[in-house]
Amino acid sequence: MKETFKKLIVNFQERTFGNIVPRDYEIPTTTKKIVSLIGVRRSGKTYILFSLIEKLRQSVDPQNIIYINFEDDRLYPLTL
């Protein structure tokens, strides 16, 4: 399972997102608090997050940014 996580992280760090439609959302990035992005299914939460990641990659070392989708089939069956 550890190797699977390593592959997922490397795949994410090498990933480009292509054309992401800009949204009228301002997600705070300078707070030291946890920010939750919630909403109904298929409302664009993931792509808002991808847009934020692209923005962060301009000022933060990309190796310090990690995105893991826990619904990824490669993680099945995920156990503690």
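What share of the contacts between residues at least 6 apart in sequence join residues at least 24 apart? A few notes on this predicted model follow, beginning with that point.

1. **Overall picture.** The share is 64% for this protein, counting contacts between residues at least 6 apart in sequence and asking which of them join residues at least 24 apart. The protein has two helices and zero strands. Its C-alpha trace spans about 35 × 30 × 30 Å along the principal axes. Of the 80 residues, 18% count as buried, so a residue in that group has under 20% relative accessible area.

2. **Helix H2.** This helix covers residues 45-56, twelve residues in all, and it reaches 16 Å from its first C-alpha to its last. That is close to the 16 Å expected at 1.5 Å a residue. Its buried residues are Ile 48, Phe 50, Leu 52 and Ile 53. Helix H1 (2-14) is included in what covers them. As background for reading that list, an α-helix has 3.6 residues a turn, so residues three or four places apart point the same way.

3. **The aromatic residues.** Please have a look at the rings next. A search of the whole structure finds six aromatic pairs. In one of them, the rings of Phe 12 and Phe 17 have centres 6.2 Å apart and planes at 55°, so this pair is tilted. Phe 12 is buried because its relative accessibility is 4%, and Phe 17 also counts as buried, with a relative accessible area of 10%. Both belong to one aromatic cluster that is formed by Phe 12, Phe 17, Tyr 47, Phe 50 and Tyr 67. Phe 50 appears again among the buried residues of H2.

4. **Ile 65 and its partners.** Ile 65 sits in the segment after H2. It is buried, with a relative accessible area of 8%. Leaving aside neighbours within four places in sequence, Ile 65 is in contact with Phe 12, Gln 13, Ile 53, Leu 56, Arg 57 and Val 60. One of these partners, Phe 12, is 53 residues away along the chain, and the C-alpha atoms of Ile 65 and Phe 12 are separated by 9.1 Å. Another partner, Ile 53, is one of the buried residues of H2.

5. **Asn 64.** Is Asn 64 buried or exposed? It counts as exposed, because its relative accessibility is 61%. Asn 64 is also placed in the segment after H2. Its C-alpha atom is separated by 9.3 Å from that of Gln 13, although the two residues are 51 apart along the chain.

6. **Phe 70.** This residue lies in the segment after H2. Phe 70 is exposed, with a relative accessible area of 56%. Not counting residues up to four places away in sequence, Phe 70 touches Phe 5, Leu 75 and Leu 78.

7. **The largest pocket.** About 390 Å³ of space lies in the largest pocket. Its lining consists of Leu 37, Arg 41, Arg 42, Gly 44, Lys 45, Thr 46, Leu 49, Tyr 67, Asn 69 and Glu 71. By type, the lining residues divide into three nonpolar, three polar and four charged. Tyr 67 links this point to the rings above, as a member of the aromatic cluster. Lys 45, Thr 46 and Leu 49 of the lining fall in the range of H2, residues 45-56.

8. **Two backbone details to check.** Most residues other than glycine have a negative phi, and most peptide bonds are trans. Where does Arg 42 lie? It is in the loop between H1 and H2, and it has a positive phi of about 60° although it is not a glycine. Arg 42 counts as exposed, at 82% relative accessibility, and it is one of the residues that line the largest pocket. The other detail is at Tyr 76 and Pro 77, which are joined by a cis peptide bond with omega about -15°. Pro 77 is found in the segment after H2.

Terms used
Residues are numbered from 1 along each chain as its sequence is written. This is a predicted model: local features need pLDDT of at least 70, side-chain atom pairs count only at pLDDT 80 or more; totals for chains, interfaces and linings use all residues. Side-chain values use heavy atoms; hydrogens and water are left out. On a 1 Å grid over the protein atoms alone, a cavity is a set of points where a 1.4 Å probe fits but cannot get out, and a pocket is an open set with protein on both sides within 12 Å along at least five of seven lines; lining residues have an atom within 4 Å of a point. Grid points are joined across faces, edges and corners, and a volume is the space filled by probe spheres set on the points. Ala, Val, Leu, Ile, Met, Phe, Trp, Tyr, Cys and Pro count as nonpolar, Asp, Glu, Lys and Arg as charged, and the others, Gly among them, as polar. Helices (H or I, at least four residues) and strands (E, at least two) are DSSP runs, numbered from the N terminus. The expected span of a helix is 1.5 Å times one less than its number of residues. Buried means under 20% relative accessible area, exposed over 50%, partly exposed in between (1.4 Å probe, protein chains only). Contact means heavy atoms within 4.5 Å. Rings of Phe, Tyr and Trp (its six-membered ring) pair if their centres lie within 6.5 Å; planes under 30 degrees apart count as stacked, over 60 as edge-to-face and the rest as tilted.
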